[in-house]
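Open your viewer and get your selection tool ready. We will go from stop to stop, and at each one I will tell you what to select and what is there.

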Amino acid sequence: PLTRHEREASAFSWVTTQESFLSWLLSSSIFLIVFARLRQAGLSQPGFRPTARSNLNATDDDPHVCPPPSTTFPLSFDPSQHICVAVEKATNNDVCGPKEKHVQTLLETVKSGASIADVTFLVKYLNRQIVDATRWTTMLKTHILLHRLLHNSGDEFKDQLRRMQKWVEEDRATDSRIKCMFSVRNWRDDSSMDANELSQWTRSYAAYLEEVVVNLDKIPRLDRLAAGSNAAEATEMRTCTEAELMEKLPRIQNAMRRLLDCEAVNSNLTTNDAVIAGVSLLLKDSFKLYRLVNDGIIRLIDVFFNMRKLNALKALDAYKRATQQGDDLERLFRSCNSWPSFRDTKFPHIENPPASFMQTMEEYARAAPSETPDETHPPQQRLHAAAVASAAQQQHAAPAPVAAPAQTTPMEDLMGGFAAPA
């Protein structure tokens with residue numbers, strides 16, 4: 001039997017061991033709680049580093065910055081719980097587009113005049129969905145949801161997206177492998193061959209949305225373009241100055257290029273309901289982007305023969321690019337028209353201007369003055385440029401690409417009433 005001193009020593013050792021274990025358990029619990037709160041507040045997500053940039057300690061007096069975590073991310077009494085539920089259900093793993101009732105719930109959150117706290121919460125929650133996404137369904141449906149909200153939201157939501165994109169662009173400059181909203185270039189779902197292919201299409205779709213967000217305040221807003229019977233009205237590209245035209249037209253063409261990169265080419269994509277939902281939104285944008293490019297080219301031809309050499313060369317490149325994109329867009333429309341979901345949809349017939357007019361533009365660009373014509377250009381060269389311009393204006397009064405006549409493909413059928421298949 002143990003002596004009295006041995007029993008006391010054994011009991012003391014057992015108590016010490018229990019106290020050490022309880023101390024370790026308490027420390028671990030505190031660490032996990034703190035980490036969970038930081039993750040919920042977005043501090044552990046790419047693009048939301050704990051710096052002044054994230055504005056997490058901002059006051060409620062400034063409506064243009066994110067509110068503090070206690071306001072933006074409450075816990076059990078979270079008044080934004082309906083936002084979490086709507087996002088989770090809209091981006092679940094069902095192979096279909098986001099359900100409309102959940103989208104409508106979120107559209108109420110981002111409408112004009114919406115609460116900055118709710119809008120910021122939603123942007124960060126969408127970013128969290130993208131960061132945590134492992135399957136292509138969640139990633140794609142989150143971007144489809146973002147696309148819907150982008151074109152049906154107030155300025156508060158768009159401002160938060162612009163700010164988010166700038167932060168991510170800065171973070172991406174230091175780490176190109178970052179995975180978050182507007183940065184999924186290196187992400188893919190390797191669970192199967194089909195998932196890998198759908199991941200590639202999702203990355204192209206995300207690149208288009210980033211291009212749209214980058215140019216929100218630099219080109220005419222797509223969500224403000226007239227639809228339906230007003231679609232034939234001229235856009236603001238028809239009245240741009242030369243400087244504005246040379247600034248906006250290339251950006252619109254960049255967005256068009258990103259959209260054309262989203263062409264689906266095989267049955268794995270063309271029969272996928274989630275992809276069809278995304279393509280429906282892209283087709284709506286393609287009609288509006290085409291209108292902007294078309295009006296921009298018409299305006300470009302109006303001012304082309306008064307341009308100096310540098311702008312004339314840039315305008316000639318934009319004209320050639322518009323011709324190529326017109327062919328690509330026509331191919332996209334033909335491809336979509338062969339899908340079962342879009343067989344009854346009317347697409348415009350895109351007609352490019354004659355090649356002879358491009359030759360006239362090239363002749364003028366070669367002969368155009370480099371500086372102020374009266375000061376630096378020889379008289380013979382000025383006369384040659386003027387003669388080329390006069391001949392072009394007489395031979396080609398309206399060479400810009402135009403849609404087909406209204407009786408075959410009425411624009412009101414293209415711009416209005418176009419919706420994703422049920």
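## Stop 1: Asp 295 and its surroundings

Begin by selecting Asp 295, which lies in helix H11 (residues 273-304). Bear in mind as you look around that this is a predicted model. Is Asp 295 buried or exposed? With a relative accessible area of 5%, Asp 295 is buried, because the cut-off for that class is under 20%.

Now add Arg 238 to the selection. The side chains of Asp 295 and Arg 238 make a polar contact at 3.0 Å. To see what else is there, show Ala 234, Thr 235 and Met 237 too: together with Arg 238, they are the residues in contact with Asp 295 once neighbours within four places in sequence are left aside.

## Stop 2: the whole protein

Zoom out and colour by secondary structure. You should find 16 helices and zero strands. Of the 422 residues, 48% count as buried. The protein exposes about 21,200 Å², and carbon and sulfur atoms supply 52% of that area. If you like contact maps, here is a value to go with yours: among contacts between residues at least 6 apart in sequence, 77% join residues at least 24 apart.

## Stop 3: helix H6

Select residues 136-151, which make up helix H6. This helix has 16 residues and reaches 23 Å from its first C-alpha to its last, close to the 22 Å expected at 1.5 Å a residue. How many residues of H6 are buried? The count is 16 of the 16, so H6 is largely enclosed by the rest of the structure.

## Stop 4: Asn 92, in a loop

Next, pick Asn 92 in the loop between helix H3 (81-90) and helix H4 (100-110). Asn 92 counts as partly exposed, at 25% relative accessibility. Show its side chain together with the backbone of Asp 94: a polar atom of the Asn 92 side chain lies 3.3 Å from the backbone nitrogen of Asp 94.

Then add Thr 137 and Lys 141, which Asn 92 touches when residues up to four places away in sequence are not counted. For a distance label, try Asn 92 to Thr 142: these two are 50 residues apart in sequence and 9.0 Å apart in space, C-alpha to C-alpha.

## Stop 5: helix H9

Select residues 242-260 for helix H9. H9 has 19 residues and reaches 27 Å from first C-alpha to last, close to the 27 Å expected at 1.5 Å a residue. Its buried residues include Leu 245, Leu 249, Ile 252, Met 256 and Leu 260. What covers the buried residues of H9? The cover includes helix H8 (193-214), H11 and helix H12 (309-337), and H11 is the helix where you met Asp 295.

Stay on H9 and show Glu 247 and Arg 251. Their side chains meet in a salt bridge, 2.9 Å from N to O. Being four residues apart in this helix, the two are separated by about one helical turn. Glu 247 is partly exposed at 41% relative accessibility, and Arg 251 is also classed as partly exposed, at 23%.

Elsewhere, Asp 155, Lys 158, Arg 221, Asp 223 and Arg 224 are joined into one network by salt bridges that share partners. Select these five together to view the network.

## Stop 6: further salt bridges

The count for the model comes to 21 salt bridges. Two of them make a good pair of views.

- Select Asp 175 and Arg 177: the closest N and O atoms of this salt bridge are 3.6 Å apart. Asp 175 is partly exposed at 32% relative accessible area, whereas Arg 177 is exposed at 67%.
- Select Arg 188 and Asp 190: their side chains meet in a salt bridge at 3.3 Å, N to O. Arg 188 counts as partly exposed at 49% relative accessibility, whereas Asp 190 counts as exposed at 52%.

## Stop 7: a nonpolar patch

For the last view, switch on the surface and select Phe 21, Leu 22 and Leu 25. They form a nonpolar patch with about 290 Å² of accessible area together. Leu 25 is found in helix H1 (residues 4-40) and counts as partly exposed, at 40% relative accessibility.

Key:
Residues numbered from 1 in each chain as written. Predicted model: local features only at pLDDT ≥ 70, side-chain atom pairs only at ≥ 80, totals over all residues. Heavy atoms only, no water. Buried < 20%, exposed > 50% of the residue type's maximum accessible area, 1.4 Å probe, protein only. Polar contact = N/O pair within 3.5 Å; in protein donor to acceptor, adjacent residues only side chain to side chain. Contact = heavy atoms within 4.5 Å. Areas by Shrake-Rupley, 256 points an atom, 1.4 Å probe, with all protein chains shown as cover. Expected span 1.5 Å × (residues − 1). Salt bridge = Lys/Arg side-chain N within 4 Å of Asp/Glu carboxyl O. Patch = residues over 30% accessible without salt bridge, like charges linked within 9 Å, V, L, I, M, F, W, Y side chains within 5 Å.
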